Amino acid sequence: GNLLRRVARPHEAVAAYEEALRLNPDAAAPLVNLGLALGDCGDWTRAAECFARAADAAPHLPDVFVYLG
C-alpha cells in the first residue's frame with residue numbers, strides 16, 4: 001500500500017490496506033495508512049473513521065491522533 005500511495009495510485013493502495021486489515025482488523029498502522037489513502041481519494045468521511053479506529057486500537061501512539069485534527 002505505501003508504495004502504491006507513493007506512485008499516486010491511491011485506489012489500489014486502499015485495496016492493499018483493506019486486505020491487510022482483513023488479516024488484522026485492529027492494526028493501527030494499516031488503519032492510519034488506509035485513512036491517508038482514502039483522503040488521497042477524497043473520501044474524508046471514511047478516512048476520519050479509520051483514524052478514529054486507529055486511535056482506539058493504539059491510544060499509546062501519539063502520531064495516530066495527529067490525523068484526527
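Biologist: What pattern does the protein chain follow along the sequence?

Modeller: In this predicted model, the protein chain reads α-α-α-α-α from start to end. The secondary structure comes to 5 helices and 0 strands.

Biologist: What makes the protein chain as compact as a globular protein of that length?

Modeller: The radius of gyration is 11 Å, and the globule rule gives 11 Å for 69 residues. The two values are close, so the chain counts as compact as a globular protein of that length. Along the principal axes, the C-alpha trace spans about 30 × 25 × 20 Å.

Biologist: How much of the protein chain is buried, and what share of its contacts with a separation of 6 or more joins residues 24 or more positions apart?

Modeller: Buried residues are 35% of the 69. For the contacts, the share is 31%. As for the surface, the chain exposes about 4,200 Å², with 56% of that supplied by carbon and sulfur atoms.

Biologist: How many disulfides does a search of the whole structure find?

Modeller: The search finds 0. Cys41 is in no disulfide, and the nearest cysteine sulfur, that of Cys50, is 11 Å away.

Biologist: How do you know that the sulfur of Cys50 is too far for a bond?

Modeller: A disulfide needs a pair of cysteine sulfur atoms within 2.5 Å. The closest cysteine sulfur to that of Cys50 is in Cys41, at 11 Å, so the pair is too far for a bond.

Biologist: Why is Cys50 called buried, and is Cys41 buried, exposed or partly exposed?

Modeller: Buried means under 20% relative accessible area. Cys50 has 7% relative accessibility, so Cys50 counts as buried. Partly exposed covers the range between that cut-off and the one for exposed, which is over 50%. Cys41, at 28%, falls in that range and therefore counts as partly exposed.

Biologist: Which helix holds Pro62, and why is Pro62 called exposed?

Modeller: Pro62 lies in helix H5, which covers residues 62-66. The relative accessible area of Pro62 is 59%, and exposed means over 50%, so Pro62 is exposed.

Biologist: How far is Pro62 from Tyr17, in sequence and in space?

Modeller: Pro62 and Tyr17 are 45 residues apart in sequence, and their C-alpha atoms are 21 Å apart in space.

Biologist: How many positive and negative side chains does the protein chain have, and how far apart do the centres of the two sets lie?

Modeller: There are 6 positive and 9 negative side chains. The centres of these two sets lie 6 Å apart.

Definitions and conventions. Residues numbered from 1 in each chain as written. Predicted model: local features only at pLDDT ≥ 70, side-chain atom pairs only at ≥ 80, totals over all residues. Heavy atoms only, no water. Buried < 20%, exposed > 50% of the residue type's maximum accessible area, 1.4 Å probe, protein only. Helix = DSSP H or I, 4+ residues; strand = E, 2+ residues; numbered from the N terminus. Rg over C-alpha atoms; globule rule 2.2 N^0.38 Å. Contact = heavy atoms within 4.5 Å. Areas by Shrake-Rupley, 256 points an atom, 1.4 Å probe, with all protein chains shown as cover. Lys, Arg positive; Asp, Glu negative; His and termini not counted. Charge placed at Lys NZ, Arg CZ, Asp CG, Glu CD.
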